Amino acid sequence: MEGILKVGRMPLSVVARVTIWPLIGLLTLPVIGWALGGGIWHWLTLMVFVAVSLIDPFVGPDNINHREQDEAALETSLYYRAMLWLLMPVQWGVAVFCYWLFTQGDLSTAEQAGVLLSSAIAVGFGATAAHELAHHGQRFDRWMGILLFTPINMCDFAIYHNYGHHNRVATPEDPGSAKYGDKIGAFVLRSIVFKTLMGWEIEATRLNRLGKSPWSLHNGMLWMTVLPLIWLAAMVALFGWLAVPMFLAQFVFARGLLAVADYLEHYGLGRRRLPDGSWETIRATHAWDDSFLVSSLFFCQIDRHSDHHANVGRPYQILRVMHEAPRLPYGYLTMIWVAMIPPLWRRMMHPRVEAFWDTGAAVPHARPENLPARYRADAVF
């Protein structure tokens with residue numbers, strides 16, 4: 001890549017070098033498992049997912065920030081956009097293959113379970129590239145992102161995330177920003193439901209401002225709802241009613257993964273309310289940051305989350321480590337497991353949250369004195 005882009009002497013980050021090839025590799029694992037003979041190999045995707053989660057802390061971070069003069073070449077390179085586009089036909093092809101494999105009728109119960117989980121992980125991780133495409137300025141890229149979201153029933157994310165989350169992040173108005181002490185299960189359910197409702201609210205407000213009915217074909221949320229239903233109807237027509245659990249598994253994993261990631265990204269961080277009632281400008285200090293290499297590879301470097309919020313639209317290949325931002329102790333692949341063990345999460349994160357409040361860089365999002373003692377940083381677990 002250095003030769004193609006003619007960048008300077010500073011090295012490229014690993015993600016800028018390999019782009020989304022790890023995601024494509026993960027996506028093809030259900031097919032590889034079938035080619036290896038099935039049986040235990042139908043669980044290959046889950047095995048790899050657990051393995052990369054375990055090795056991420058030992059591989060460690062990649063903290064390379066590119067020089068400004070190199071960023072322009074990286075940002076304008078068509079290569080990075082084309083790699084994201086490539087994921088869409090691969091995802092759709094693997095998804096249809098998994099529907100066929102799951103419904104063909106000669107798998108044992110254990111094999112079906114393996115195919116179901118492997119498909120959910122592989123196809124669901126397409127959401128990370130879809131998120132990146134949903135932020136692009138080109139209409140074609142945004143529609144490619146929506147097509148990636150279609151098999152996992154997450155098209156509405158493009159509306160809530162761009163026009164809701166990025167405006168209301170780190171405030172009580174955002175269902176995707178976790179407050180200090182939020183329980184993970186309740187947060188995930190609330191986040192999934194209220195983010196979708198906010199998408200409808202955003203579109204209704206937009207159309208009312210234009211003098212159009214929210215219940216018209218101009219409503220983007222209507223199309224974002226219909227597209228996954230068309231996909232589901234096509235899968236049922238092709239493979240019968242057994243396609244429904246496959247659709248639900250891919251939906252639940254992708255939505256759940258996104259909600260747990262949301263939980264990590266802004267936990268306990270808040271923006272100040274200004275005298276005029278608005279919220280202060282979003283800064284790098286309003287999101288948790290990390291740059292663990294393996295997580296970065298599978299999440300399109302969105303774990304450099306502070307730069308993503310402070311500079312919306314900055315493409316994944318040039319996202320920077322923001323040194324003023326609070327830091328997660330490990331990468332996303334580790335922290336999603338930590339978040340699902342509440343005592344471990346509190347022991348690991350609450351001292352960090354309260355220490356960062358003490359710097360004054362971000363205000364508390366839910367004050368600890370309003371919470372039971374067992375949720376505080378000094379609690380005995």
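The following exercises, each with a worked solution, concern cysteines, salt bridges and one helix packing in a predicted model.

Residues are numbered from 1 along each chain as its sequence is written, and side-chain values use heavy atoms, with hydrogens and water left out. Because the model is predicted, local features need pLDDT of at least 70 and side-chain atom pairs count only at pLDDT 80 or more, whereas totals for chains, interfaces and linings use all residues.

**Exercise 1. Cysteines**

Determine how many disulfides the structure holds, and state why Cys-300 is without a bond.

Solution.
Step 1. A disulfide is a pair of cysteine sulfur atoms within 2.5 Å. The structure holds zero of them.
Step 2. Cys-98 takes part in no disulfide, and the nearest cysteine sulfur, in Cys-155, is 19 Å away.
Step 3. For Cys-300, the closest cysteine sulfur also belongs to Cys-155; the separation is 18 Å, which is too far for a bond.
Step 4. Accessibility is classed as buried under 20% relative accessible area, exposed over 50%, and partly exposed in between (1.4 Å probe, protein chains only). Cys-98 is buried at 0%, and Cys-300 is buried at 4%.

**Exercise 2. A salt bridge between two helices**

Identify which helices are tied together by the pair Arg-168 and Glu-201.

Solution.
Step 1. Side chains of opposite charge can pair when their charged atoms come close. A salt bridge here is a side-chain nitrogen of Lys or Arg within 4 Å of a carboxyl oxygen of Asp or Glu.
Step 2. The whole structure contains 14 salt bridges. One of them joins Arg-168 to Glu-201, at 3.0 Å from N to O.
Step 3. Helices (H or I, at least four residues) and strands (E, at least two) are DSSP runs, numbered from the N terminus. Arg-168 lies in helix 10 (residues 157-168) and Glu-201 in helix 11 (residues 184-209), so the bridge ties together parts 33 residues apart in sequence.
Step 4. Glu-201 is partly exposed, with a relative accessible area of 37%.

**Exercise 3. The surroundings of Glu-280**

Locate Glu-280 and describe its salt bridge.

Solution.
Step 1. Glu-280 sits in the loop between strand 1 (269-270) and helix 14 (293-298).
Step 2. Its side chain meets that of Arg-272 in a salt bridge of 3.5 Å, N to O.
Step 3. Glu-280 is buried at 10% relative accessibility, while Arg-272 is partly exposed at 32%.
Step 4. Contact means heavy atoms within 4.5 Å. Neighbours within four places in sequence aside, Glu-280 is in contact with Gly-270, Arg-271, Arg-272, Leu-274 and His-286.

**Exercise 4. A salt-bridge network**

Establish which residues are joined into one network with Arg-320.

Solution.
Step 1. Arg-320 forms a salt bridge with Asp-307, with the closest N and O atoms 3.1 Å apart.
Step 2. Arg-320 is in the loop between helix 15 (305-310) and helix 16 (332-339), and Asp-307 is in helix 15; the two are 13 residues apart.
Step 3. Arg-320 is partly exposed at 23%, whereas Asp-307 is buried at 0%.
Step 4. Through salt bridges that share partners, Glu-71, Asp-307, Arg-314 and Arg-320 form one network.

**Exercise 5. Packing of helix 4 and helix 16**

Classify the orientation of helix 4 and helix 16.

Solution.
Step 1. Axes are lines fitted to C-alpha atoms, for helices over the stretch in contact, and angles run from 0 to 180 degrees between N-to-C directions. Helix 4 (residues 44-59) packs on helix 16 at about 105°, with the axes 7 Å apart.
Step 2. Angles under 35 degrees count as roughly parallel, over 145 as roughly antiparallel, 65 to 115 as roughly perpendicular and the rest as oblique. The two helices are therefore roughly perpendicular.
Step 3. Helix 4 contributes Phe-49, Val-52, Ser-53, Asp-56 and Pro-57 to the contact, and helix 16 contributes Tyr-332, Leu-333, Thr-334, Ile-336 and Trp-337.
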